[in-house]
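Trainee: Could we go through this one together? I'd like to know how each label gets earned.
Mentor: Sure, have a look first and then ask away.

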Amino acid sequence: MRPASKPYPPTYSMTIKGKATSLDIAHLAGVSQPTVSRALRGSPMVNEETRRRVLAIAEQLNYKVDKNASSLRRQHSGTLALLLFEDPTSDESHINPFFLPMLGSITRACARHGQDLLISFQQLSHDWHADYGDSNKADGLILLGYGDYLAYQGKLRKLVEQGTLFVRWGAVLPDQPGISIGCDNVGGGRLAGAHLTELGKTRVAFLGDASSHYPEFHDRYQGCDEVLREAGHALDPALQIDAESSEDSGYAAAQALLGRGIAFDALFAASDLIAIGAMRALSERGLRIPEDVAVIGFDDIPAARIATPTLTTVFQDTTLAGELLVDTLMKQVRGEAAESMRLPTSLVVRKSTLLCSS
């Protein structure tokens, strides 16, 4: 019963033509339509004051819940949504090639589970968390790509608050919102550092944002630094340049690095795209790879195998990753326990380092 101390104007019904809808209630209550739906079904996600306001307006409008439609909305749709976040880039490479084999694996895994897959390209600046979290378009979300994690984190928390089921590819972090599948980025960084140490490299540059804004890159930096420190040669902060995962960004970062005039004998790039762009800048400066500078990337995208020279890199198993993303999300849909996990990495040695096998 509505408290007598908080009366609501008895004029709402006069402002509505025809049968009242949940959208009418949302407008009058100053909340979203999904909030109205949650309030009407007693969801704990809606605070008590909002719930009372919604119920009072519904009562005055003589609103009746369509139980058949409500029941249908609670049933599983048999569809999963893959949201791929790729804001426009300077080189118009809207899709990171790293995600392409993972996309194929996700598609096959969905078919194995008898699920349809809805693929949607999103820009990080849009309110995708509200659009998909509240729309009932799919039973759960798979999220690929996210840019600045600290900016993205708030939208993940919103999904958790809404009760949206989701799993994302990315760094596995303490107290993160939701569930993540990612690779062992620290371990991958250690593999790169160990390889360079074996080559006798002591002045290693790192291209990639090594901050909490990009936790995967940060972990790769940390792993490499750990091994180099153990060998008595820590990464020099003066040899670290921020770069996003694109060839253009890698090229620009390498040019900035060369402009500092600080000697280095190896370069570890946070992604293959950064490494390939950096190799172009090094070659233009007349530096030989690997004789003058050994170069290692991360991801093992197809382009790494045809780069000049072919690129030594840290391999991530994108096929397994796609399968686990779908399997983990389906566990949530079925109400089963699911947890984050890290996948192992391995080193693929090619001609961009001295210990070449191909």
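**How the labels are earned**

Trainee: Strand S9 first: what makes it mostly covered?
Mentor: Keep in mind that this is a predicted model. Buried means under 20% relative accessible area, and six of the six residues of S9 (294–299) are buried. One of them, Asp299, has a relative accessible area of 7%, which is under 20%, so Asp299 counts as buried.

Trainee: And what is odd about the backbone of Asp299?
Mentor: Asp299 has a positive phi of about 130°, although it is not a glycine. This residue belongs to strand S9.

Trainee: Which other non-glycine residue has a positive phi, of about 60°?
Mentor: That's Asp175. It sits in the loop between strand S4 (166–169) and strand S5 (179–183).

Trainee: Buried or exposed, and how do you know, for Asp175?
Mentor: Exposed means over 50%. Asp175 has 76% relative accessibility, so it is called exposed. Across the chain, 49% of the 358 residues count as buried.

Trainee: How do you know that S8 and S9 pair?
Mentor: Pairing takes at least two bridges. Strand S8 (266–269) and S9 are joined by three bridges, so they pass that test, and they run parallel. As for partners, Leu267 is bridged to Val295 in S9, and Phe268 stands opposite Ile296.

Trainee: Where do S8 and S9 fit in their sheet?
Mentor: The sheet is open, with six strands in the order S7-S6-S8-S9-S10-S12 and mixed pairing.

Trainee: What makes S7 and S12 edge strands?
Mentor: Each pairs on one side only: that holds for S7 (240–241) and for S12 (346–348).

Trainee: Which strands of the sheet do H10 and H11 touch?
Mentor: H10 packs on the sheet against strand S6 (204–207), S7 and S8, and its direction makes about 140° with that of S6. H11 also packs on the sheet, touching S6, S8, S9 and strand S10 (312–315). The direction of H11 makes about 155° with that of S9. Angles over 145 degrees count as roughly antiparallel, so H11 and S9 get that label.

Trainee: Why are H10 and H11 called oblique to each other?
Mentor: The axes of H10 (residues 247–259) and H11 (residues 272–284) cross at roughly 45° and come within 6 Å. Roughly parallel needs an angle under 35 degrees and roughly perpendicular needs 65 to 115. The crossing angle fits neither range, so H10 and H11 are oblique. Their crossing is right-handed. On the H10 side, the contact includes Tyr251, Ala254 and Leu258, while H11 brings in residues including Leu273, Ile276 and Ala281. By class, the contact of H10 with H11 has nine nonpolar, three polar and four charged residues.

Trainee: Same label for H5 and H12, then: why oblique?
Mentor: Helix H5 (residues 99–112) and helix H12 (residues 318–333) have axes that cross at roughly 40°. That is again outside the under-35 and 65-to-115 ranges, so H5 and H12 are oblique. The axes of H5 and H12 come within 7 Å, and the crossing is right-handed.

Trainee: What makes the contact between H5 and H12?
Mentor: From H5, the residues include Met102, Ile106 and Cys110; from H12, they include Ala321, Leu325 and Val326. This contact of H5 with H12 divides into eight nonpolar, four polar and three charged residues.

Trainee: Which peptide bonds are cis, and what are their omega values?
Mentor: One joins Ile289 and Pro290, with omega about 10°. Another joins Thr308 and Pro309, with omega about -5°.

Trainee: Where do Pro290 and Pro309 lie?
Mentor: Pro290 is in the loop between H11 and S9, and Pro309 is in the loop between S9 and S10.

Trainee: Last one: how many helices and strands are in the chain, and what share of contacts is between residues 24 or more positions apart?
Mentor: The chain has 12 helices and 12 strands. Among contacts with a separation of 6 or more, 73% come from residues 24 or more positions apart.

Key
Residues are numbered from 1 along each chain as its sequence is written. This is a predicted model: local features need pLDDT of at least 70, side-chain atom pairs count only at pLDDT 80 or more; totals for chains, interfaces and linings use all residues. Side-chain values use heavy atoms; hydrogens and water are left out. Axes are lines fitted to C-alpha atoms, for helices over the stretch in contact, and angles run from 0 to 180 degrees between N-to-C directions. Helices (H or I, at least four residues) and strands (E, at least two) are DSSP runs, numbered from the N terminus. A crossing is left-handed if the near helix is turned anticlockwise from the far one by less than a right angle, and right-handed if clockwise. Contact means heavy atoms within 4.5 Å. Ala, Val, Leu, Ile, Met, Phe, Trp, Tyr, Cys and Pro count as nonpolar, Asp, Glu, Lys and Arg as charged, and the others, Gly among them, as polar. Buried means under 20% relative accessible area, exposed over 50%, partly exposed in between (1.4 Å probe, protein chains only).
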